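Today I sat down to look through this fold, starting from its inside and working outward. My notes follow in the order I looked things up.

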Amino acid sequence: MADTDNITEEKISIKALLSGATVLFAMGGIGSVVTIYGEISWIPRFAGVLTLCLVVLSIAFCNRGSVYAQIQNYSKAFFDYSRAETLDPSYASTYFNRANLYKKTGNHEEALKDYSKTVEIDPLYADVYINRGGLYLYLKRYTEALEDSEKAVKLSSRNPIAYNNRGAAYSALKKYEQALADFNKAVNLDPSYLLAYKNRGSLYMYLGKDKASLEDYRMVLKLSPEDVQAKEYVAQLEKKMSE
């Protein structure tokens, strides 16, 4: 009978710990959790539970932050990501998701810091190399973009975005043969990948391969009939080839 009573008491204590930690964190942050529960003599018995509780809370805040980001409530998204980081500084997805939001809102330096923190925690996080590589392309830091894209290809060899990014980096670095090979791979992996057709069509045009370029831009229009740039290029190429 005594053992049953103790088990019941422990279950209640654990439940109280989990609920109390949640409330205290929401009200005053991790310091409140540590300050209050640190005074309780039996806390060492439940240290593992508290750690698990904080990890779960971190994931919850990170996930809610992503929801806020999707509905464009960016201030609340950043707030939740900061809470998630405080709870569990080793959760890579917090930094990755926040980096994506920094990138989206134009804070590129902070985005790069968070992408770098993500790979520091998890060097095998393929999407980080894809997204950071894409940002490096936007910033015209082509050598770094190529390095990230090569890592992405190694870690995620069936991801067309990785090949498209690497192709764009090769093209910017005037390595046109490698660029075309990567664009070809990207569209082979995903025949509806609009950006890869655009990039390959643009490179074909630059190389004077008008017929191949026209085919790619026609494909762009098939996938996205209202694409203004593709319409212009198709008209230019058709006129040029009819002369």
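**Entry 1: the cores.** I am working from a predicted model. I began with the largest nonpolar core, which has 40 residues. Inside this core, Y115, V128 and Y217 have the most contacts. Helix α7 gives the largest share of the core, six residues. I also found a second, separate core of twelve residues, with C53, F61, L87 and L101 among them.

I then looked up what Y217 touches. Not counting residues up to four places away in sequence, Y217 touches K198, G201, S202, M205, A230, Y233, V234 and L237.

**Entry 2: helix α7.** I turned to α7 next, since six residues of the largest core come from this helix. Does its length fit its residue count, and why? I took the 13 residues of α7, 126-138, at 1.5 Å a residue, which should give a span of 18 Å. The end C-alpha atoms are 19 Å apart, so the expected and modelled lengths agree.

Which residues of α7 are buried? I listed A126, V128, Y129, I130, R132, G133, L135, Y136 and L137. R132 is one of the buried residues, so I double-checked that I had copied it correctly. These buried residues pack against α5 (92-104), α6 (108-121), α8 (142-155) and α9 (160-172). Just after α7, K140 takes a positive phi of about 65°.

**Entry 3: aromatic rings.** I searched the whole structure for aromatic pairs and came away with five. I wrote up the pair of F96 and Y115: the ring centres are 6.2 Å apart and the planes stand at 50°, so I noted the pair as tilted. This pair links distant parts of the chain, with F96 in helix α5 and Y115 in helix α6, 19 residues apart.

Are these two residues buried or exposed? F96 counts as buried at 8% relative accessibility, and Y115 counts as buried at 0%. I also noted that ring pairs link F96, Y115 and Y125 into a cluster.

**Entry 4: charges over rings.** Next I looked for charged ends sitting over rings. The charged end of K117 sits over the ring of Y95, 6.0 Å from the ring centre. K185 has its charged end over the ring of Y163, 5.9 Å from the centre.

**Entry 5: helix α10.** I gave α10 the length check too. Its 14 residues, 176-189, should span 20 Å at 1.5 Å a residue, and the end C-alpha atoms are 20 Å apart, which agrees.

Which residues of α10 are buried? I found A179, L180, D182, F183, A186 and V187. They cover an arc of only 165° around the axis, which puts them on the same side of α10. E177 and N188, on the other side of the helix, are exposed. I looked up what covers the buried residues of α10, and the cover includes α9 and α11 (194-206).

**Entry 6: G167 in α9.** To follow the α9 side of that packing, I picked G167, which lies in helix α9. Its relative accessible area is 0%, so I put G167 down as buried. What is G167 in contact with, leaving aside its neighbours within four places in sequence? I noted A179, D182 and F183, and each of these is among the buried residues of α10. The C-alpha atoms of G167 and K185 are separated by 9.4 Å, and the two residues are 18 apart along the chain.

**Entry 7: positive phi in loops.** I had already noted K140, and I went on to two loop residues. Q72 lies in the loop between α3 (47-70) and α4 (74-87). Its phi is near 65°, a positive value in a residue other than glycine. With a relative accessible area of 55%, Q72 is exposed.

Where does K174 lie? I found K174 in the loop between α9 and α10. K174 has a positive phi of about 65° although it is not a glycine. Its relative accessible area is 59%, so K174 goes down as exposed.

**Entry 8: D210.** Last, I checked an acidic residue in helix α12 (residues 210-223), where D210 is found. Is D210 buried or exposed? Its relative accessible area is 14%, and the cut-off for buried is under 20%, so D210 is buried. Leaving aside its neighbours within four places in sequence, D210 is in contact with L237, K240 and M241. I had met L237 before, in the list of residues that Y217 touches.

Conventions
Residues numbered from 1 in each chain as written. Predicted model: local features only at pLDDT ≥ 70, side-chain atom pairs only at ≥ 80, totals over all residues. Heavy atoms only, no water. Helix = DSSP H or I, 4+ residues; strand = E, 2+ residues; numbered from the N terminus. Expected span 1.5 Å × (residues − 1). Buried < 20%, exposed > 50% of the residue type's maximum accessible area, 1.4 Å probe, protein only. Contact = heavy atoms within 4.5 Å. Arc of directions from axis to C-beta. Phe/Tyr/Trp six-rings, centres within 6.5 Å; stacked < 30°, edge-to-face > 60°. Lys NZ or Arg CZ within 6 Å of the ring centre and 35° of its normal. Core = buried A, V, L, I, M, F, W, Y, C linked by side-chain atoms within 4.5 Å.
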